[in-house]
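Biologist: I'd like to go through this model with you and hear the reasoning behind the labels. Can we start with what "buried" stands for?

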Amino acid sequence: MSVHQIELVILDMAGTTVTDQHEVEACFAKAARQTGIEATDEEILAVQGLAKRFVFQLFWRKQLGENHPDVESRVDESYAVFKEVLEKHYRTQPVYPTVGCLELFSYLKKNGIKVALTTGFYREVTDIILGKLGWLEGLDAQRVGNESTIIQASISSDEVPQGRPAPDMIYKAMRLLGVTDVKRVINAGDTPSDLGSGKAAGVYLNLGVTNGTHTTEQLIGHPHDALLGSIDEIIQILEEIKVQN
């Protein structure tokens with residue numbers, strides 16, 4: 001497979017392409033504790049990358065019991081507080097790309113490889129972040145761009161039937177961008193759920209990033225083809241694929 005046969009690189013946002021010093025985790029923990037969820041920091045870290053409403057369901061079902069009549073109302077309350085805390089954070093705090101992110105974007109554009117960003121966030125917060133970084137510019141109403149935009153597609157977890165670790169966001173990115181062969185796709189992310197979704201989709205390469213919210217030790221036991229110190233190491237991987245052909 002030559003570098004030109006890799007058609008699409010799918011990247012997570014917070015912790016992978018967007019610098020996250022555990023801010024999302026802190027916003028989630030704040031909302032959880034304000035609304036009465038009893039969860040440890042380790043339990044909260046373990047579910048990063050999953051759709052947040054789904055995570056509140058997991059915690060409330062565990063705390064109250066699977067079929068407790070109050071589960072959904074407590075989920076609604078926790079999720080509403082989380083959205084408020086998270087939106088305030090991203091509207092008021094600066095947002096930065098991760099180390100190596102812009103170098104990777106530049107390389108992919110030069111080599112005609114499309115970039116899609118996937119996230120456990122819902123659309124409103126996704127757009128706040130993309131807007132602050134200038135990555136929303138040129139995307140259409142479906143959040144699809146073209147060869148001149150910085151990214152070619154953005155998919156949030158509220159736009160698919162199931163968030164990670166299901167492969168739905170990867171498949172949607174492929175559909176939006178006209179990529180039909182999953183073996184022409186690379187997936188990369190910094191959480192176990194990112195790696196779970198890549199494995200479920202059957203991508204050509206499923207890569208873990210260890211300079212985000214999870215360390216090498218925390219990712220090593222999850223499905224991956226390689227663990228990277230930063231996402232610009234994908235450039236070297238693509239160059240090696242080029243040499244092999």
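Modeller: Sure. Buried means under 20% relative accessible area, and exposed means over 50%. Keep in mind that this is a predicted model.

Biologist: Which residues of H4 are called buried?

Modeller: With that cut-off of under 20%, the buried residues of H4 are Val71, Val75, Ser78, Tyr79, Val81, Phe82, Val85, Leu86, Glu87, His89 and Tyr90.

Biologist: And what do the buried residues of H4 pack against?

Modeller: They pack against three helices: H1 (23-34), H3 (52-64) and H6 (123-133).

Biologist: How do you know that the span of helix H4 agrees with its number of residues?

Modeller: Helix H4 covers residues 71-92, so 22 residues at 1.5 Å a residue should span 32 Å. The C-alpha atoms at its ends are 32 Å apart, so the two values agree.

Biologist: Why is glutamate 42 called exposed?

Modeller: Exposed needs over 50%. Glutamate 42 has 60% relative accessibility, so it counts as exposed. Its place is in helix H2 (residues 41-46). From glutamate 42 to arginine 164 it is 122 residues in sequence, and 19 Å in space, C-alpha to C-alpha.

Biologist: Arginine 164 lines one of the cavities, I think. What makes a space a cavity?

Modeller: A 1.4 Å probe fits there but cannot get out. By this rule there are two cavities of 30 Å³ or more. The second largest cavity holds about 30 Å³, and Arg164 is in its lining, along with Asp12, Thr118, Ile170, Asn187, Ala188, Gly189, Asp194 and Ser197.

Biologist: Which element supplies the largest share of that lining?

Modeller: E4 does, with three residues. Strand E4 (185-189) and helix H8 (192-201) each supply at least two. By class, the lining of the second largest cavity has two nonpolar, four polar and three charged residues.

Biologist: What about the largest cavity: what is its volume?

Modeller: About 110 Å³. Of the 15 residues lining the largest cavity, Asp12, Ala14, Gln48, Gly49 and Lys52 are the closest to its centre. Its lining has four nonpolar, six polar and five charged residues.

Biologist: What makes a space a pocket instead?

Modeller: A pocket is an open set, with protein on both sides within 12 Å along at least five of seven lines. The largest pocket has a volume of about 280 Å³. Its lining has 18 residues, with Ala51, Phe54, Ser157, Gln162 and Gly163 nearest its centre.

Biologist: Which element gives the most to that lining?

Modeller: H3, with three residues. The lining of the largest pocket divides into 10 nonpolar, four polar and four charged residues.

Notes:
Residues numbered from 1 in each chain as written. Predicted model: local features only at pLDDT ≥ 70, side-chain atom pairs only at ≥ 80, totals over all residues. Heavy atoms only, no water. Helix = DSSP H or I, 4+ residues; strand = E, 2+ residues; numbered from the N terminus. Expected span 1.5 Å × (residues − 1). Buried < 20%, exposed > 50% of the residue type's maximum accessible area, 1.4 Å probe, protein only. Contact = heavy atoms within 4.5 Å. 1 Å grid on protein atoms, 1.4 Å probe; cavity = no way out; pocket = protein on both sides within 12 Å on 5 of 7 lines; lining within 4 Å. Points joined across faces, edges and corners; volume = space filled by probe spheres on them. Nonpolar A, V, L, I, M, F, W, Y, C, P; charged D, E, K, R; others polar.
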